[in-house]
Structures are given as structure tokens and as C-alpha cells.
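The exercises that follow are meant to be worked with the sequence and the model side by side. Try each task before reading its solution.

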Amino acid sequence: MEFLLEIVFEIYLELMMFIVPEKKATTKKYRIITAFIAIVVLVGVLALFIWGCVLISDYNNKLGIIPIVIAIVLSIVQIVAGFVLHIKKSDN
């Protein structure tokens with residue numbers, strides 16, 4: 001089970017970091033800024049998800065669904081943005 005969870009997390013992390021451009025595609029400064037933003041969003045998504053799970057499980061508060069939904073939406077937006085930017089770069 002732990003191995004499966006690790007694989008799923010690795011795939012998720014790769015999809016979240018898909019928005020960061022390749023090394024030779026852009027300047028180093030731009031790459032560092034995009035990587036920083038991607039990592040901040042990833043940490044924020046994980047924090048929102050954990051917060052929502054704690055609200056639901058420990059405090060029996062059904063409003064914990066709100067941070068979980070926000071985390072899912074942010075993840076989807078970042079992954080879609082990464083795919084769009086990758087397709088846009090491939091067309092050039």
C-alpha cells in the first residue's frame with residue numbers, strides 16, 4: 001500500500017511540476033521563479049487537503065469539504081496550465 005501511495009504521489013508531483021519549463025527553453029531566472037511558484041502552490045494544496053481532512057475526521061465538521069475542493073480545483077488548474085503551456089511550446 002505504501003509503495004502504491006508513493007507511486008501516485010510521484011505521478012501527481014510530476015504533473016504539478018509540468019508547468020516548469022525545461023532548462024534550455026528559457027532563462028535560469030524565469031525557471032527558478034516558475035519552480036518556486038509551482039512548489040508554493042503544491043505546498044498550499046497539500047496544506048488545504050490536510051486541513052480539510054483534519055476538520056472532517058477530528059472535529060466532525062462537514063465544512064472540511066471546502067478546503068479539499070479548493071485543493072482539488074487548484075491542482076487541476078495547475079496541471080491543465082502545464083499541459084497548455086507544454087502544447088504551446090511544442091507548436092513553436
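**Exercise 1. Where is the place of Asn-60?**

Solution. Begin by locating the residue in this predicted model: Asn-60 sits in the loop between helix 2 and helix 3. Next, consider its backbone, where phi is near 55°, a positive value in a residue other than glycine. Finally, turn to its surroundings: the relative accessible area of Asn-60 is 57%, and because the cut-off for exposed is over 50%, Asn-60 counts as exposed.

**Exercise 2. Decide how far the prediction can be trusted along the chain.**

Solution. Start from the general caution that where pLDDT is low, the predicted coordinates should not be read in detail. The protein chain averages a pLDDT of 88, and 98% of the residues score at least 70. Then compare the elements: helix 1 has the lowest mean pLDDT, 85, whereas helix 2 has the highest, 91.

**Exercise 3. Compare the span of helix 2 and of helix 3 with the span expected for each.**

Solution. Helix 2, residues 28-57, contains 30 residues, and from its first C-alpha to its last it reaches 43 Å, which is close to the 44 Å expected at 1.5 Å a residue. For helix 3, with 27 residues, the same rise of 1.5 Å a residue should give a span of 39 Å, and its end C-alpha atoms are 39 Å apart, so the two values agree.

**Exercise 4. Which residues of helix 2 are buried, and what does the cover over them include?**

Solution. The buried residues of helix 2 are Thr-34, Ala-38, Leu-42, Val-45, Leu-48, Gly-52 and Leu-55. When reading this list, recall that an α-helix has 3.6 residues a turn, so residues three or four places apart point the same way. What covers the buried residues of helix 2 includes helix 1 (2-16) and helix 3 (65-91).

Take Thr-34 as a single case. Thr-34 belongs to helix 2, and it counts as buried because its relative accessibility is 12%, the cut-off being under 20%. Once residues up to four places away in sequence are set aside, Thr-34 touches Val-20 and Pro-21.

**Exercise 5. Describe how helix 1 and helix 3 meet.**

Solution. In general, two packed helices are described by the angle between their axes and the distance between the axes. Here the axes of helix 1 and helix 3 come within 8 Å and cross at roughly 60°, and the two helices are therefore oblique to each other. The contact is made by Tyr-12, Leu-15 and Met-16 on the side of helix 1, and by Ser-75, Gln-78, Ile-79 and Phe-83 on the side of helix 3. Sorted by class, this contact has 5 nonpolar, 2 polar and no charged residues.

Now follow Tyr-12, which is found in helix 1. Leaving aside its neighbours within four places in sequence, Tyr-12 is in contact with Leu-42, Val-45 and Ser-75. Although Tyr-12 and Leu-42 are 30 residues apart in sequence, their C-alpha atoms are 9.8 Å apart in space.

**Exercise 6. Separate the buried residues of helix 3 from two that are partly exposed.**

Solution. The buried residues of helix 3 are Pro-67, Ile-68, Ala-71, Ser-75, Gln-78, Ile-79 and Gly-82, and what covers them includes helix 1 and helix 2. Ile-72 also lies in helix 3, but at 44% relative accessibility Ile-72 counts as partly exposed. The C-alpha atoms of Ile-72 and Leu-46, which are 26 residues apart along the chain, are separated by 9.7 Å.

Val-73 is likewise part of helix 3, and with a relative accessible area of 46% Val-73 is partly exposed. From Val-73 to Phe-9, 64 residues apart in sequence, the C-alpha to C-alpha distance is 17 Å.

Terms used. Residues are numbered from 1 along each chain as its sequence is written. This is a predicted model: local features need pLDDT of at least 70, side-chain atom pairs count only at pLDDT 80 or more; totals for chains, interfaces and linings use all residues. Side-chain values use heavy atoms; hydrogens and water are left out. Helices (H or I, at least four residues) and strands (E, at least two) are DSSP runs, numbered from the N terminus. The expected span of a helix is 1.5 Å times one less than its number of residues. Buried means under 20% relative accessible area, exposed over 50%, partly exposed in between (1.4 Å probe, protein chains only). Contact means heavy atoms within 4.5 Å. pLDDT is the predictor's confidence in each residue, from 0 to 100. Axes are lines fitted to C-alpha atoms, for helices over the stretch in contact, and angles run from 0 to 180 degrees between N-to-C directions. Angles under 35 degrees count as roughly parallel, over 145 as roughly antiparallel, 65 to 115 as roughly perpendicular and the rest as oblique. Ala, Val, Leu, Ile, Met, Phe, Trp, Tyr, Cys and Pro count as nonpolar, Asp, Glu, Lys and Arg as charged, and the others, Gly among them, as polar.
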